[in-house]
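The following paragraphs lead the reader through a structure, from its general make-up to one of its strands. Please keep the sequence and the model in view while reading.

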Amino acid sequence: MRRQGSRWAGSWIAIVTMVGSVAACRGEQAPMAMAATGSAPSAGSGAEAPGAPPPASWPLPGRNAQAWRYSPLAQITADNVKNLKVAWTFSTGTARGFEGQPLVVDSTMYVVSPYPNHVFALDLTRTGGPVKWDYLPPTEPASQGEACCDVVNRGASYADGKVVFNRLDNHTVALDAKTGKVAWDIKLDSIEEGSTMTMAPLIAGNVVLVGNSGAELGVKGWAAGIDLSSGKLLWKAYSTGPDSVVKIGPDFKPYYPQYKGKDLGVSTWPPDQWKLGGGTVWGWITYDPELDLLYYGTANPGVWNPDMRPGDNLWSAGVFARDPKTGNARWAYQFTPHDSWDYDGVNENIPVDLQMNGQVRKVLVHFDRNGFAYTIDRATGQVLVAQPYQSLNWATGVDPQTGKPVRVPSKETHQGVNTTDICPSSTGARDQQPAAFSPRTGLFYTPSTDLCMDYKGLKASYIAGTPYLGADVRMYAGPGGWNGRGQLVAWNAATGKRVWAITERFPVWSGPVVTGSDVLFYGTMDGWFKALNARTGQELWKFKVGSGIVGNPITYQGPDGKQYVAVYSGIGGWLGAIALGLSASDPTAALGATGAMPDLPKYTAPGGMLYVFALP
Amino acid sequence: MTAIVVRLAMLAGAAVVSAAATPNGAAALPAPRALRVCADPNNMPFSDSAGHGFENRIASLIARDLHERVQYTWWAQRRGFVRNTLGAQRCDVVIGIIAGDEQLATTKPYYRSTYVFVTRRSSGLRFASMDDPRLHHVRIGIHVIGDDYNSLPPGVALAGRGIVRNVVGYSIYGNYAKASPPSELIAAVAQGKVDVAIAWGPLAGYYAARSRVPLEVSPVGNAMAGHGIPFSYAIAMGVRKGDTTLLGVLQRELDRRRAAIRRILRDYRVPLGDEDGTGAQASIGSDRPRGAVAPHTASGAGGTTP
């Protein structure tokens, strides 16, 4: 790597522009052979990750604790997937953004809806998946007013006979998987101060790991560990503040020198600003049983105006490695120091072992909102590879020696200054929609967004006591054009290169699943559910569901021995919110993102359905 | 106000709460037409669900003239307020909004106020200008907003002068379980947590007057003090674009009731400038000639508000 990073970033944008527009001329879904020179890591073994669940099941959000979103099931193949048919469907009664995924354990499927967070257990032993039990929690209606970007919920986790999920109003709840009765319920924060919970808990051993949302309201971000058996809080670690609340102690051994020092979560901010520090934890948490470490990203720093918070603003927009039992931090790395663009670092960090330069390296792979894909040593926090996976121009690269991005001054946002053509936009080259990893192909498959933005330096201002007048940021199609605002990218994380990419009209807001027969499934915001050859990107099958897809498909084996594929259909979320009836003329809607999606309502309307597919 | 009331008021799905509930079985007389007002139930001194705010009083004044009752749709004034209330046709008028806001149609401004400095009288500190060099050294409290691509004028003006290390941000949203969350900033001055707050005049004037610790309120001198960001704003009523009939009715009322409205605003210690002023000075405490500014010493004996 060394300094190659900076050269790459510059030329990368040109390549994306050129190929993207070619693809647009040819029409959608033209697989793009790009930068294919990088050889795939010598994975190919197809071995599952340590601690993988039974092949038939999908008990955690990303199936395994490493969030590979890989299943070894292989009945549905590249040859027969063209025969895939709808097996059954289920309407949740909630027509909002369905960003999560169902779970399947012991012939039961578990579904969590967006607010009001209605939970259903569906009986897979019976035709059509009738309801075994359901649980409608008393989620505070006022919590809807606090959520920035639709009232989503990203699903549950299962372990030890319990289904654990988060309510929008900051409760983590464990239900008895057999009966649906509440086993325990713990309230972790308050909506009155702007905090909500939208993420899916991750269960690692006997610890339930959760975090909060709401950085746009200036709340303090935290992650917490809860005892799975009792529901007691084990620890809570904040993303800003003194080491004592960040849970940085003698075990903390970060790789880069800028993270060494006392109370950096205070000293990298103006006095007291860390108290409104943001750094919420609303993405997917992962866990590596080999090193016994959990990993999660932190959101943007609080207080929008970057000029008001000089400094790196630790530990916002970065990743923590922690001991799941104590919460003590082991290392940290910051993707975007002093974030000026709303580039949250919350996207998942996927533990894999990769062949790199003849060595097996234990790494994390992370596709950041800032447009760089990072391959990081997961024991130490050292950046091994950081290359753009989508168009970006705010930095020319990441220096692996220092771990710092090489920023482009003209793309920094400042108060009173109009900054144009910043890529990616605040919605990021990717948001929470997760990537998948196949141990067979050795490739990562990441959804992506190709939008750019103009930041207008403060025209209207908000004053106390009057209605909020809104954001002055304009988002629009990136180099890929209006017909190419999203891509599904196949990525070689050992070399930091694209292998192929599929271009979509709208941002790809659905995290794929990849199978033991090298078939990949994902959905589009305009409602197409698609199967691709995971090696070539060739489209094999597609089906139009009722409402746009912003959720993540899963696959499982039913009690009848057949392989099924399931996905939510329900447009919404940040970029999908416009299809829920927000006016494109209202600049406050969805943090200014609606301008990037004016045509979405012509393609889809709200819904809230589960679709399950199988071979005849 | 109990937390329950507040939470009810923040109800997003079914936010319409009528202040004019009909008695049981009373169906004899046709209900008067309603002036349907979109308002925050926990936003003193502007409005609250008990009707104590000056916007409540102005709404009642106009509704009486029109022989209408006031029907409130309560919604916390955070992001999406206009979209979820006026925009969703749940109500028809916002009593106070920056004049000329493009999201809706606004009347001519009916008052103008300004950002002010708030200090403890005992401190002897007085400020009149953002360029006062002492602002580099004292502890300054301001309202801030989270990640929303936006800032409030004082933060912009201070950061533009390199004044950040001695600035304490208070969330403009605050803790909604407490009464009037943004008023925490004024309390911070009284409690000595900060030496000076730079706050929006109506909020500062009202809470400074009610403070047990005597506070001084003085306007931020030059209206464009912060890097092109105005410090004084004209406030109007807002209706949905195209609702010209209601806009005309409200404009006639505002013209006719100008004196009564000014009296209400003065009762609440709103620092007032000329509503049709072009951004010059705001005067405090009384209808002074345009441009005249005098520091106003808030009475420690409590306000004159109901």
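Residues how many positions apart account for 64% of the contacts in chain A with a separation of 6 or more? The answer is 24 or more positions, two residues being in contact if their C-beta atoms, placed from the backbone, lie within 7 Å. This is a predicted model, in which local features need pLDDT of at least 70 and side-chain atom pairs count only at pLDDT 80 or more, while totals for chains, interfaces and linings use all residues. Residues are numbered from 1 along each chain as its sequence is written, and chains are lettered from A and ligands numbered from 1 in the order in which they are written.

Chain A has four helices and 39 strands; these are DSSP runs, numbered from the N terminus, with helices (H or I) of at least four residues and strands (E) of at least two. Of its 616 residues, 66% count as buried, that is, with 20 or more other C-beta atoms within 10 Å of their own, C-beta atoms being placed from the backbone.

Strand β31 of chain A, residues 486-492, has seven of its seven residues buried. G486(A), L488(A), A490(A) and N492(A) point one way from the strand, and Q487(A), V489(A) and W491(A) the other way.

Two strands pair if DSSP finds at least two bridges between them. β31(A) pairs in the antiparallel sense with β28(A), residues 444-449, over six bridges, and T449(A) stands opposite G486(A). With β32(A), residues 497-504, β31(A) forms seven antiparallel bridges, and L488(A) stands opposite I502(A). Four residues separate β31(A) and β32(A) in a hairpin, where G496(A) in the turn has a positive phi of about 75°.

Key. A residue is buried if 20 or more other C-beta atoms lie within 10 Å of its own, exposed if 12 or fewer, and partly exposed in between; C-beta atoms are placed from the backbone.
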